[in-house]
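User: Please take a close look at the charged side-chain contacts in this model, and then at the aromatic contacts as a point of comparison. I would like one connected account rather than a list.

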Amino acid sequence: MAQVKLVNYGEASAEVRAVFDDIMKTRNTDYINNIWRALAAHPPTLKRFWTQMKEVMVKPSKLDPLTKELIYLAVSVNNNCEYCITSHTFAARKHGLDDAMLAEFNEIVALANAGNRLTMGLQVEPDERFKPKHTDNAWSMGKTASEKPAKGRQKKRHGT
């Protein structure tokens with residue numbers, strides 16, 4: 001049971017109704033999920049979270065909708081959020097997720113968790129070759145262009 005009273009559309013303030021209307025329009029539905037109804041207990045939070053959700057999950061980007069849902073689902077599995085697992089599995093299925101994909105997905109999440117814990121437990125340092133090169137001199141106030149070694153004379157990084 002939710003720790004706050006879920007706000008129904010009919011009893012919502014004008015501010016909450018505006019967000020609910022946008023959710024229904026954006027999702028092409030007449031249904032407001034329980035999470036939005038719970039967040040409506042504090043309209044500023046509802047508005048901020050919906051705005052961010054639309055910006056990240058709905059707006060077209062380089063990641064396709066199924067990939068976005070699977071990322072959200074992986075985090076939800078790791079955080080053991082039953083609501084989010086159920087909700088985002090449902091959403092992913094609308095974008096093509098089937099039972100076999102879901103089983104494989106969960107195997108990957110479980111494997112990643114095992115690998116992460118083994119690596120953390122053993123305190124293994126990342127390989128130098130996997131680290132981004134652009135961070136070497138980030139925010140450096142070091143040598144000016146005339147003081148830097150000429151091209152071709154720069155030191156080679158170990159392991160690359």
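Analyst: E11 counts as partly exposed, because its relative accessibility is 45%, and in this predicted model its side chain meets that of K5 in a salt bridge, with 2.5 Å from N to O. The lysine of this pair, K5, is exposed, since its relative accessible area of 57% lies over the 50% that marks the exposed class. The contact between K5 and E11 belongs to a set of five salt bridges that the structure holds.

Another member of that set joins the side chains of K54 and D22, where the N to O distance is 2.6 Å. Because K54 lies in helix α3, which covers residues 43–58, and D22 lies in helix α1, which covers residues 14–27, this pair ties together parts that are 32 residues apart in sequence. Both ends can be placed by accessibility as well: K54 counts as partly exposed at 28% relative accessibility, and D22 likewise counts as partly exposed at 24%. The value for D22, 24%, does not fall under the 20% that would be needed to call a residue buried.

A further salt bridge is the one that K59 forms with E55, in which the closest N and O atoms are 3.0 Å apart. K59 counts as partly exposed, with a relative accessibility of 43%, and E55 also counts as partly exposed, with 46%.

Turning to the aromatic side chains, a search of the whole structure finds three aromatic pairs. One of them is formed by W36 and F49, whose ring centres are 5.6 Å apart and whose planes stand at 40 degrees to each other, so that the pair is tilted, an angle that is neither under the 30 degrees of a stacked pair nor over the 60 degrees of an edge-to-face pair. Since W36 lies in helix α2, made up of residues 34–39, and F49 lies in helix α3, the pair ties together parts that are 13 residues apart in sequence. The two rings sit in unlike surroundings, in that W36 is buried, with a relative accessible area of 1%, whereas F49 is partly exposed, with a relative accessible area of 29%. W36 and F49 are also joined by W50, and these residues form one aromatic cluster.

Helix α3 thus takes part in both kinds of contact, through K54 in the salt bridge with D22 of helix α1 and through F49 in the aromatic pair with W36 of helix α2.

How values were computed: Residues are numbered from 1 along each chain as its sequence is written. This is a predicted model: local features need pLDDT of at least 70, side-chain atom pairs count only at pLDDT 80 or more; totals for chains, interfaces and linings use all residues. Side-chain values use heavy atoms; hydrogens and water are left out. A salt bridge is a side-chain nitrogen of Lys or Arg within 4 Å of a carboxyl oxygen of Asp or Glu. Buried means under 20% relative accessible area, exposed over 50%, partly exposed in between (1.4 Å probe, protein chains only). Helices (H or I, at least four residues) and strands (E, at least two) are DSSP runs, numbered from the N terminus. Rings of Phe, Tyr and Trp (its six-membered ring) pair if their centres lie within 6.5 Å; planes under 30 degrees apart count as stacked, over 60 as edge-to-face and the rest as tilted.
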